[in-house]
Amino acid sequence: LGDVYKRQAYRQGRYDEAEQEMIQALGMDPEQADWHDELGLVYLAQRKYLEALESFLAARTLAPENPLHAVHAAQAYAGLGRLEEAIVALQEAIERAPDRAPWHDELAALYIQAGRYREARLELERALELAPGDPTVRIHLAAALREEGRLQEAQEILTGLVQDQPGRAET
């Protein structure tokens with residue numbers, strides 16, 4: 001019942017309540033990596049990036065085989081403006097689970113923020129291999145190509161996207 005309640009408080013945006021419940025639960029069993037991760041998500045939702053990072057790093061220490069903890073740590077690093085550390089954490093997650101298109105897309109976004117457009121494009125091309133119909137990845141790829149100065153290719157991707165989803169272009 002406690003876990004359900006904590007998740008319900010989190011889903012309903014009652015973050016202070018969810019935070020207190022998670023801290024209390026971890027006080028009873030501090031070795032639960034997933035609980036540290038859930039507490040980190042509560043902190044992340046509140047933009048408490050340093051606290052989130054501490055929770056995610058604790059989860060990674062307890063369960064280093066779980067790549068999701070590294071993904072969440074990357075999000076906290078990014079929130080702190082520590083892009084290179086965010087990139088490294090996300091690369092580690094992708095090494096463990098290379099077939100997650102959203103993670104490649106997220107890594108590409110970090111590369112774009114860091115001005116590393118070629119690397120962003122390569123990650124987005126990999127994401128498109130994994131999820132060929134994903135319009136978000138296609139938009140991000142066009143942006144990366146634009147930043148590389150490859151305007152014609154960016155335009156072709158966007159034109160193809162509009163042709164594939166004509167009704168969405170009007171919204």
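1. Let's start with how α9 and α10 sit against each other in this predicted model. Helix α9 covers residues 135–147, and helix α10 covers residues 151–164. Their axes come within 7 Å and cross at roughly 160°. An angle over 145 degrees counts as roughly antiparallel, so α9 and α10 are roughly antiparallel to each other. The crossing of this pair is left-handed.

2. Who does the touching there? On the α9 side you'll find Pro135, Arg138, Ile139, Leu141, Ala142, Leu145 and Arg146. They meet Leu151, Glu153, Ala154, Ile157, Leu158, Gly160, Leu161 and Asp164 in α10. Sorted by class, the residues of this contact come out as 10 nonpolar, one polar and four charged.

3. Have a look at α2 and α3 as well. Helix α2 spans residues 15–28 and helix α3 spans residues 33–45; the two pack at an angle of about 155°, with axes 10 Å apart. That angle makes α2 roughly antiparallel to α3. Here too the handedness is given: the crossing of α2 and α3 is left-handed.

4. The α2 side of that contact is made by Tyr15, Ala18, Glu19, Met22, Ile23, Ala25 and Leu26. From α3 come Trp35, His36, Glu38, Leu39, Val42, Tyr43 and Ala45. The tally for the contact of α2 with α3 is 11 nonpolar residues, one polar and two charged.

5. Now back to α9, to pick out one residue in it: Ala144. Is Ala144 buried or exposed? It is buried, because its relative accessible area is 0%, and the cut-off for buried is under 20%. Leaving aside residues up to four places away in sequence, Ala144 touches Ile112, Tyr117, Ala120, Arg121 and Leu124. Take Leu124 from that list: Ala144 and Leu124 are 20 residues apart along the chain, and their C-alpha atoms are separated by 8.5 Å.

6. Arg121 deserves its own point. This residue lies in helix α8, which runs over residues 117–130. With a relative accessible area of 10%, Arg121 is buried. Not counting residues up to four places away in sequence, Arg121 touches Leu141, Ala144, Leu145, Glu148 and Arg150. Leu141 and Leu145 also appear among the α9 residues that meet α10.

7. Arg121 also forms a salt bridge with Glu125, where the closest N and O atoms are 3.4 Å apart. Why are the two separated by about one helical turn? Because Arg121 and Glu125 are four residues apart in helix α8. Their accessibility classes are worth noting: Arg121 is buried at 10%, whereas Glu125 is partly exposed, with a relative accessible area of 32%.

8. There is another salt bridge in α8, between Glu129 and Arg126, with closest N and O atoms 3.0 Å apart. These two both lie in helix α8, three residues apart, which is about one turn of the helix. Glu129 is exposed, since its relative accessible area is 56% and exposed means over 50%. Arg126, at 28%, counts as partly exposed.

9. Next, Glu153 and Arg150: their side chains meet in a salt bridge at 2.7 Å, N to O. Both partners fall in the partly exposed class, Glu153 at 34% relative accessibility and Arg150 at 28%. Glu153 is also one of the α10 residues that meet α9.

10. Which residues are linked in a network of salt bridges? They are Arg121, Glu125, Glu148, Arg150 and Glu153. So the Arg121–Glu125 pair and the Glu153–Arg150 pair have their residues in one network. A search of the whole structure finds 13 salt bridges.

11. Finally, the overall picture. The protein has 11 helices and zero strands, and from the N terminus on its elements run α-α-α-α-α-α-α-α-α-α-α. Along the principal axes, the C-alpha atoms fill a box of roughly 60 × 35 × 25 Å. Buried residues make up 37% of the 171 residues. As for contacts between residues at least 6 apart in sequence, 42% join residues at least 24 apart.

Conventions
Residues are numbered from 1 along each chain as its sequence is written. This is a predicted model: local features need pLDDT of at least 70, side-chain atom pairs count only at pLDDT 80 or more; totals for chains, interfaces and linings use all residues. Side-chain values use heavy atoms; hydrogens and water are left out. Buried means under 20% relative accessible area, exposed over 50%, partly exposed in between (1.4 Å probe, protein chains only). Contact means heavy atoms within 4.5 Å. Axes are lines fitted to C-alpha atoms, for helices over the stretch in contact, and angles run from 0 to 180 degrees between N-to-C directions. Angles under 35 degrees count as roughly parallel, over 145 as roughly antiparallel, 65 to 115 as roughly perpendicular and the rest as oblique. A crossing is left-handed if the near helix is turned anticlockwise from the far one by less than a right angle, and right-handed if clockwise. Ala, Val, Leu, Ile, Met, Phe, Trp, Tyr, Cys and Pro count as nonpolar, Asp, Glu, Lys and Arg as charged, and the others, Gly among them, as polar. A salt bridge is a side-chain nitrogen of Lys or Arg within 4 Å of a carboxyl oxygen of Asp or Glu.
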